[in-house]
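Reader: I am new to this structure. Please take me through one part of it, the place where the two chains touch, and give me the background I need to read it.

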Amino acid sequence: MTDVAFSDTDTSSSRAASEYERERVPDSALKGPSAFWGMYAGEHTAGTEFMIGPLFVAWGADAASLIVGLLLGNLLAVLTWRYLTATIACSERITLYYKMERIAGRGLVTLYNLANGLLFCFLAGSMITVSATAVGPLFPPGTIEMPTFESTLPTGIAWILSCVVIGAAMTLVALKGYGVVAQVGHYAAPWMFLVFVACALVTLGKLGTTDVWQLLTPPAGTEQKISFLGIVCFSWFCNAAMHLGMADLSVLRFARNPSAGWASAAGMFLGHYVAWICAALLLIYWVRVHGVDPAVGKDPGTMVNDAVGWAGLLCVIIAGWTTANPTIYRAGLAFQGMLPGISRAAATLLAGGICIAAGIFPAFAMNLLSFVGLYGTVLAPIGAIIVVDHFLADRIGIVREPAAARGLGFNLDVLIAWLVPVGIGLWLHRAYGVFASYLPLPCAIACGLLYILLAKRSSPARAPGHA
Amino acid sequence: MRAVARFVGLAALAATIVPPALFMTGRMPEASMKAMMLVAAVAWFAAAPFWMKVE
């Protein structure tokens, strides 16, 4: 997962993106499908994949849910990218931020940046946590106490130092620029994917079986905290901010045609299917052979080091680093957008500091299954407003891009339509323990409907055409 | 140069996945498998920049 829409700050598409922040991408800047296949494959094979697979095991997911549920959920994610995000991106050819500004006004984009920036920081913090687990095996056993799935607080001074050193290195690189790291991520992608597969092969060898279905079947009596539907929704919406939430408009606006949306399949089926199942097998080995309690788990660094040695540790560090670094950079940009008075460097340092603080506390990484659902719940509804504006506004008689049409700095209709369903969703999660991945879709639909109602009231009797 | 890098890169990718497969089938000891994977990792990162073009 984990992955973050690097959009206009990471890859080459991104560098070009900064040239067309407030205008349509010209035909001369459009890219063929190969650029997108590689990008999606790289972005979605991240350090956090080492956490998600084992967390499924800890939550008692069964074989059918993992093998069939993940397949279905990832397919739905690809279809969302292809038929919603890519369709709108190739029609509008502008960034999410500019589209939002035209609908919601500049003031509301600032609020979105705050939410986005903070969520980016917590996500990057999880990646720092995962990378820091690769430091432990480099020292004698017991030097650094590794966190478990039950850890919420730092496990000791040595752990804090590991996170601070790794997080500071990531922040310093983000400060200098992300170009080199983006390139390393691009180079690392095929190798990292093979390391995931290698971990699974070694695990199967050590367990003396190739019956993956049987291995993924939890022992009788295991409490199942995540159902088939839960797995489907998790894999569908773990990147909800990018597809349903339209963050990937910034990337896909460079596509020659919407079929580039199929490129997301590379990320989903390699990173979010094969890699998750491979990572899950690592914990299953430790449960069966070393008697580890699946609810307590084992840190990724130790498991990967045991399976494939130093190459695995390198993979854990690189997978975390190459995705956390641009995330810190983007969080810095979001904060800078919010606080225009501060420099890019100061904003990046602020973001890096928050990321390191979040990384020190394993609670974020260990609750990744819930966190990414909440991430989608907060950001995906904005996409529903864009869907209404793009597909429905003219048909139902509401003004398209109302902030641009009326010169609004802050569109209250959008704010209410966004915050009311999100507030209810977060309350349901907190008060009733509703699984966070169930919330992005209903929140997005409710947000779209509420926006239609509110915009209808604000629209003149006869809506003007496209602004 | 690019052809050499491409050959080294492909060999490195093969050396990343073949040793674990051989270990799984009991044809390679664990220590050799881990050593080969590390060498393959170094070779991959040495070759990839000369081979893989970032658009």
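Author: What follows is a close look at the contact between the chains, after a short word on each partner. Keep in mind that this is a predicted model.

Take chain A first. Chain A has 20 helices and zero strands. Its radius of gyration is 22 Å, close to the 23 Å that the globule rule gives for 467 residues, so chain A is as compact as a globular protein of that length. The C-alpha trace of chain A spans about 70 × 45 × 45 Å along its principal axes. Of its 467 residues, 62% are buried. Among contacts in chain A with a separation of 6 or more, 87% join residues 24 or more positions apart.

Now chain B. Two helices and zero strands make up its secondary structure. Its C-alpha trace spans about 40 × 20 × 15 Å along the principal axes. Chain B has 55 residues, and 29% of them count as buried. Of the contacts in chain B with a separation of 6 or more, 68% are between residues 24 or more positions apart.

Then the meeting place. Here 21 residues of chain A are in contact with 18 residues of chain B. On the chain A side, helix H8 (179-207) and helix H14 (310-338) each supply at least two residues. H8(A) gives the largest share of that side, with 13 residues. What classes of residue does chain A bring to chain B? The side of chain A that touches chain B has 15 nonpolar residues, five polar and one charged.

Note on methods: Residues numbered from 1 in each chain as written. Chains lettered and ligands numbered in written order. Predicted model: local features only at pLDDT ≥ 70, side-chain atom pairs only at ≥ 80, totals over all residues. Helix = DSSP H or I, 4+ residues; strand = E, 2+ residues; numbered from the N terminus. Buried ≥ 20, exposed ≤ 12 C-beta atoms within 10 Å, placed from the backbone. Contact = placed C-beta atoms within 7 Å. Nonpolar A, V, L, I, M, F, W, Y, C, P; charged D, E, K, R; others polar. Rg over C-alpha atoms; globule rule 2.2 N^0.38 Å.
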